[in-house]
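Here's a quick tour of a few strands and helices worth pulling up in your viewer. Have the model open as you read.

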Amino acid sequence: MPDEAATTDPLRRIERPTETHDREAPKLPPSACWDESPLPADASFALCLTHDVDRPYKGLRSLFYVLQERPGYHLRTALSGANPYWQFDEIRDLEADLGVRSAFYFLNEQHLLAERPVRDWLSPTNWVQHLGRYDVRSPAINEAIGELAAGGWEVGLHGSFHSAENRDRLREEKNVLEDVLIEERDANRTEFGDEAPTTVAGGRQHYLRCSIPETWRHHRAIGLEYDASLGSGTRVGFHHGYRPIRPFGDDFRVFPLTAMEQALPDPEAEPEAARLTCEELLLEAAANEAVMTVLWHPRYFNEREFPGYRWLYRWLVERAQELGAWIGTPRALIEAFDGKDDGTDRQPMTVAERRVDPDQIG
Ligand SMILES: [Zn+2]
């Protein structure tokens with residue numbers, strides 16, 4: 001029910017838009033409001049591109065897959081030293097070709113044996129996860145981080161599993177990532193340029209694991225400007241509204257996740273359904289001046305292991321460009337939002353107008 005104040009206040013209180021339709025609606029603090037900042041460059045909507053770097057090495061996980069499916073192929077990749085999950089160069093080339101930039105969120109998972117309690121060692125699930133663990137301080141990862149930052153990509157934090165409830169751990173992970181950025185800048189000053197940030201502005205929690213609003217308080221307390229964990233790995237849509245949320249009524253933003261690749265129809269088995277689902281999301285975004293955020297894990301860009309997902313990503317970005325979207329990273333969007341004065345004559349939409357009809361999403 002919009003009232004006079006609600007339609008003129010650029011930071012309108014959120015009138016619980018999700019509770020009606022969404023059984024999993026988070027308990028937002030009473031101070032929560034929408035970010036109604038005008039979109040940059042008169043864009044029809046904004047598309048934020050993000051990648052969670054969970055497992056850049058297939059490595060020993062191949063041996064696990066050997067036991068499950070396609071043993072010949074997985075055994076060959078395990079023994080050959082080929083690394084089908086290392087997709088940094090491919091994604092950079094693809095996005096540079098499209099003229100866009102994205103955010104890569106790096107994970108600094110704790111070492112199972114060195115940093116976790118003994119009881120955790122007994123869980124097979126923990127071992128499977130541990131086999132894919134990477135060291136964010138390794139030279140190859142550091143080089144990848146440096147190349148991304150130097151090229152205008154955002155380097156952000158993929159908060160580890162236990163960090164959602166551990167502010168100190170979260171701070172340490174942020175500090176380590178910023179140390180890498182500073183070291184890479186110092187080692188490659190000419191390529192890095194003066195523009196590339198050496199700070200981490202935000203990111204997403206591993207497995208979208210987030211205690212609301214406590215994890216956001218941790219993010220804010222350690223100096224992050226945003227979180228992109230609010231969403232689902234199993235369904236797509238604007239279930240948390242069309243705009244970033246300011247949960248505390250201040251400058252800290254939450255970017256709801258509109259679509260994770262795994263939640264879309266399989267683009268190999270059902271290419272038309274996958275494309276149409278993306279098309280519907282893009283049109284809904286354009287109709288509502290929305291900020292749409294998508295997540296493609298880097299390993300999904302390997303066409304052999306995840307056929308169709310690279311094609312679908314390219315199609316999504318090109319279609320968003322056709323529709324007049326601003327496309328970029330959450331950090332760049334926040335900078336654009338904060339760089340504008342708010343003397344705009346644009347009337348913000350009412351909550352009722354921008355409310356999602358779940359029947360249209362399917
Ligand atoms: Zn993750």
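## Around Gly 203

Leu 157 sits across from Gly 203 of β5. That pairing belongs to a wider match-up: strand β4 (residues 154–159) and strand β5 (residues 202–205) run parallel, with three bridges joining them. Keep in mind that this is a predicted model.

Gly 203 also has a partner on another strand, namely Asp 227 in β6. Strand β6 covers residues 226–227, and two bridges tie it to β5, again in parallel. To get from β5 to β6, the chain goes through helix α11 (residues 214–221), and this β-α-β crossover is right-handed.

## Two helices side by side

Next up, helix α12 (residues 271–287) and helix α13 (residues 309–322). Their axes are 10 Å apart, and the two pack at an angle of about 30 degrees. Angles under 35 degrees count as roughly parallel, so α12 is roughly parallel to α13. As for handedness, α12 and α13 make a right-handed crossing.

## The buried side of α14

Which residues are buried in helix α14? In this helix, which spans residues 330–339, they are Pro 330, Arg 331, Leu 333, Ile 334 and Phe 337. These residues lie on the same side of α14, because they take up an arc of only 160 degrees around the axis.

The spacing fits a familiar rule: an α-helix has 3.6 residues a turn, so residues three or four places apart point the same way.

Technical notes:
Residues numbered from 1 in each chain as written. Predicted model: local features only at pLDDT ≥ 70, side-chain atom pairs only at ≥ 80, totals over all residues. Buried ≥ 20, exposed ≤ 12 C-beta atoms within 10 Å, placed from the backbone. Helix = DSSP H or I, 4+ residues; strand = E, 2+ residues; numbered from the N terminus. Arc of directions from axis to C-beta. Pairing = 2+ DSSP bridges. Right-handed = clockwise from strand over helix to strand, strands pointing away. Axes fitted to C-alpha atoms, helices over the stretch in contact; angles between N-to-C directions. Parallel < 35°, antiparallel > 145°, perpendicular 65-115°, else oblique. Left-handed = near helix turned anticlockwise from the far one by under 90°.
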